[in-house]
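Biologist: Before we discuss the ligand and its surroundings, please put the sequence and structure on view.

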Amino acid sequence: MRDSEIVNKIKEKYFQKFGQSSKPEQVRVFRSPGRINLIGEHTDYNNGFVLPASVDKAVYFVIEPREDDQVILHAADLDETYSFSVEDLSKPAQSWAHYQLGIIEQIYKKGLKIGGFQTTFGGDVPVGAGLSSSAALECCLLFALNELYGLNLDRFSIVKMSQKAENEYVGVQCGIMDQFASAFGKEESVIRLDCRSLEYEYFPFPMQDYLLVLCDTSVKHSLASSEYNTRRLECEKGITILQKYYPEVQSLRDATPEMVETHKDELGDIVYRRCKFITEEIQRVQDACDLLVEGNLVDFGKKMYATHQGLQHEYEVSCPELDFLVDQTLSDPNVLGARMMGGGFGGCTINLVKKEAVDAFEQKMKAAYQEQYQIDLPCYKVKITAGTGEII
Ligand code: GLA
């Protein structure tokens, strides 16, 4: 669906819910997109590099300040409402409201103040597909409240506070990639983000001959969040061991594949494989960016496959459905690269596919997935769009 169609639908629901506003100029609309990641997985919390982009699937808030201290959150897609006083941040049963409450908590933690507001929000980022609908929600609401209440937050603060909302209120120990990509996205460009310094650079992504297609396994294994936290701990174990020999190693960003190889025995099989993958993956992002600059998508695609191999066998965050989808592409001359994307244990694969072959590719993938798992495989052709902003 186009932006304007979705916005009109959400606006319609807003006015059905809240009636016409006495000050129509105060009703504003904000948008924040979901994200993809080309390469650099699980590197963000290791202070490494990532290469995400924001896409044409987004979250929208139609929002207006209130005279009183009430906050009324209306989830358009669920048609559920949660109301509270802006001072009361107790955790409600509705888990979808945790993101918004987490944002308000961060505003207070900064020593800032807001009044009441009412909003209807919704969008077309598939939930649970690994496109970070949660980061989009957080960035969108914080951006909106920043505008409504003149909080004077810059984009970096919006990103960091949104990540903290997720870490502290929602309780997910995510890195910074998702919020950064949602807030800093740029049309037709991928962002190379250095998660240590937060320096970033845009690289144009050539989409004349190839398209990015997501294949959504439609599964989310329950392991996802516990294993995510376990991986973080395993990386920390690796750092503690490497630090004994290389005091300068504060994170795996400061380590090299050679260091990891040298201390293979002491690291032990599991931690060794985790550290091997991360140190190689950090380097892979740099190499992949050089290939983009050269316009060499063929070798870029090979890097995507290498990432998948590492995530499957060394970092062990893939699952049979993701591996099946990647395997299907291996002998397809129209696919340059494919890999699982995001945290793992479900969600999407990202595929770099020759433009004229995209429809045939989707049909083939859908048929194979149906036969193997009896599940209809949603496929999304993604366009890279701008990050968080107001829709005027
Ligand atoms: C999830 C997290 C991100 C990142 C990815 C893996 O999407 O939210 O911070 O760690 O997993 O690259």
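Biologist: Which pocket is the space taken by the ligand?

Modeller: This is a predicted model in which local features need pLDDT of at least 70 and side-chain atom pairs pLDDT 80 or more, while totals for chains, interfaces and linings use all residues. Residues are numbered from 1 along each chain as its sequence is written, and side-chain values use heavy atoms, without hydrogens and water. A pocket is an open set of points on a 1 Å grid over the protein atoms alone, where a 1.4 Å probe fits, with protein on both sides within 12 Å along at least five of seven lines, and a molecule sits there if more than half of its atoms lie within 2 Å of the grid points. By that reckoning, the ligand takes up the largest pocket.

Biologist: Which residue has a polar backbone atom 2.7 Å from an oxygen atom of the ligand?

Modeller: Polar contacts here are pairs of N or O atoms within 3.5 Å. R35 places a polar side-chain atom 3.0 Å from a ligand oxygen, and a polar backbone atom of G343 is 3.3 Å from a ligand oxygen. The backbone atom at 2.7 Å belongs to H42.

Biologist: How many residues apart in sequence are the parts that R28 and E147 tie together?

Modeller: R28 and E147 form a salt bridge (a Lys or Arg side-chain nitrogen within 4 Å of an Asp or Glu carboxyl oxygen), with their closest N and O atoms 3.6 Å apart. Because R28 lies in strand β1 and E147 in helix α3 (DSSP runs of at least two and at least four residues, respectively), the parts joined are apart in sequence by 119 residues.

Conventions. Polar contact = N/O pair within 3.5 Å; in protein donor to acceptor, adjacent residues only side chain to side chain. 1 Å grid on protein atoms, 1.4 Å probe; cavity = no way out; pocket = protein on both sides within 12 Å on 5 of 7 lines; lining within 4 Å.
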